[in-house]
Every structure is written in structure tokens, then in C-alpha cells.
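Trainee: I would like to take a close look at one part of this model and follow the side-chain pairing there step by step. Could you then place that part in its wider setting?

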Amino acid sequence: MSSTDPFADCELGVEDILGTRTFENVLFTPETPTPVDVRTGETPDRSNTTLEGAREFAADVGEDRNAPYVPFAASVESQIETCCKPYTAAVFYHFKATGSLARHRAYAAAYDSDAFTVEFDCDFATGDLTITVERVHPP
């Protein structure tokens, strides 16, 4: 591979991410589970939030970054252990959504390259994230 190849340092190649792929149930939705305090049977105040609040949080976190951030669902375990809200924010191709660091790096390489277009769609009703990668100029 040449040094101008955006995938030179990636475990996956462009063929592994070209096209459209949907990652199911990874985004924060109004239906994301929230913890319940077993002593009181109530949801902690920090966990009472809205989708709009989560989207604003993600936009604020990603404001000075090189790629858009989206709200992901935080696991109930992490909410309890870290006393966090039921969402976190990360770049849209984060390994939390894509399932692997290798795929994360490949999407990042395509997103940062002028040779590809990378688009994403958030379906906050289902929690699905769809990423589409296409060549700007097919070989």
C-alpha cells in the first residue's frame, strides 16, 4: 500500500466498509433503559432525561471535533457504576456502535479522506445507526 492510501494503517480495507451498514439498537432513544434504585424503587434524577437533551449534549461535546457526535445508549451498569446519565456521546463511527476498533479506524480513514463520502443516519425511534460509504470517483 502506498503512503497516500488512507487505509494503510487500518486492519480492514475499503472493501470492508463500502456500501451501507446498519448498526442496530446502539443510539440513545426514549426507550433506553434507566437504572432503578433498589432501595427506593425510583429512577435517579440524573437518569430522567429526554432525547432532545441527549442530542444537545452530543452536539456540545462534538462542537470542536472533526466529525459529528451522536448520543449512544449507556449501559445500565455504567449508569450505576459512574452515576452517569443514560447516554454518552461519541463520534458517529465509534467502536461502541460499529462493534470493533478495526471498523472504527476504517470508517475514520474514509471520513477523513477526500476519496470517499461517508454519510450517516440516526433512527432515534429504533436506536439504529446507518452508515454509508461510497467512493467519490470509482476506480
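Trainee: With which residue does the side chain of arginine 135 meet in a salt bridge, and what is the N to O distance?

Mentor: Please keep in mind throughout that this is a predicted model. The partner you are asking about is glutamate 15, whose side chain meets that of arginine 135 in a salt bridge with an N to O distance of 2.6 Å. Glutamate 15 belongs to the segment before S1, whereas arginine 135 sits in strand S5 (residues 128-135), so this pair ties together parts of the chain that are 120 residues apart in sequence. As general background, side chains of opposite charge can pair when their charged atoms come close.

The two partners can also be described by their accessibility. Glutamate 15 counts as exposed because its relative accessible area is 58%, over the 50% cut-off. Arginine 135 has a relative accessible area of 26%, so it falls between the 20% and 50% limits and is classed as partly exposed.

The count of salt bridges in this model comes to 2, and the other entry joins the side chains of glutamate 11 and arginine 105, at 3.7 Å from N to O. This pair, too, links distant parts of the chain, since glutamate 11 is in the segment before strand S1 (19-23) and arginine 105 is in helix H4 (residues 101-112), 94 residues apart. Glutamate 11 is exposed, with a relative accessible area of 63%, while arginine 105, at 39%, is partly exposed.

The segment before S1 also holds glycine 13, which is partly exposed at 24% relative accessibility. Glycine 13 is 81 residues from histidine 94 in sequence, and their C-alpha atoms are 17 Å apart in space.

Helix H4 deserves a further look, as it also contains histidine 104. At 16% relative accessibility, histidine 104 counts as buried because the value is under 20%. A polar atom of the histidine 104 side chain lies 3.2 Å from the backbone oxygen of tyrosine 93, and the side chain of histidine 104 also reaches the backbone nitrogen of phenylalanine 95, at 3.4 Å.

Turning to other charged residues, Glu52, Glu56, Asp60, Glu63 and Asp64 form a negative surface patch. One of them, glutamate 56, is found in helix H1 (residues 51-62) and is partly exposed, with a relative accessibility of 45%.

The loop between S1 and H1 contains asparagine 25. Its backbone is worth a check, because most residues other than glycine have a negative phi. Asparagine 25, however, has a positive phi, near 55°, and at 58% relative accessibility this asparagine 25 counts as exposed.

For the wider setting, the protein has 4 helices and 5 strands, and its elements run β-α-β-α-β-α-α-β-β from the N terminus on. The C-alpha trace spans about 60 × 25 × 25 Å along its principal axes, and buried residues make up 39% of the 139 residues.

To return to your request, the salt bridge of glutamate 15 and arginine 135 ties the segment before S1 to strand S5, and that of glutamate 11 and arginine 105 links the segment before S1 to helix H4.

Technical notes: Residues numbered from 1 in each chain as written. Predicted model: local features only at pLDDT ≥ 70, side-chain atom pairs only at ≥ 80, totals over all residues. Heavy atoms only, no water. Patch = residues over 30% accessible without salt bridge, like charges linked within 9 Å, V, L, I, M, F, W, Y side chains within 5 Å. Areas by Shrake-Rupley, 256 points an atom, 1.4 Å probe, with all protein chains shown as cover. Salt bridge = Lys/Arg side-chain N within 4 Å of Asp/Glu carboxyl O. Lys, Arg positive; Asp, Glu negative; His and termini not counted. Charge placed at Lys NZ, Arg CZ, Asp CG, Glu CD. Helix = DSSP H or I, 4+ residues; strand = E, 2+ residues; numbered from the N terminus. Buried < 20%, exposed > 50% of the residue type's maximum accessible area, 1.4 Å probe, protein only. Polar contact = N/O pair within 3.5 Å; in protein donor to acceptor, adjacent residues only side chain to side chain.
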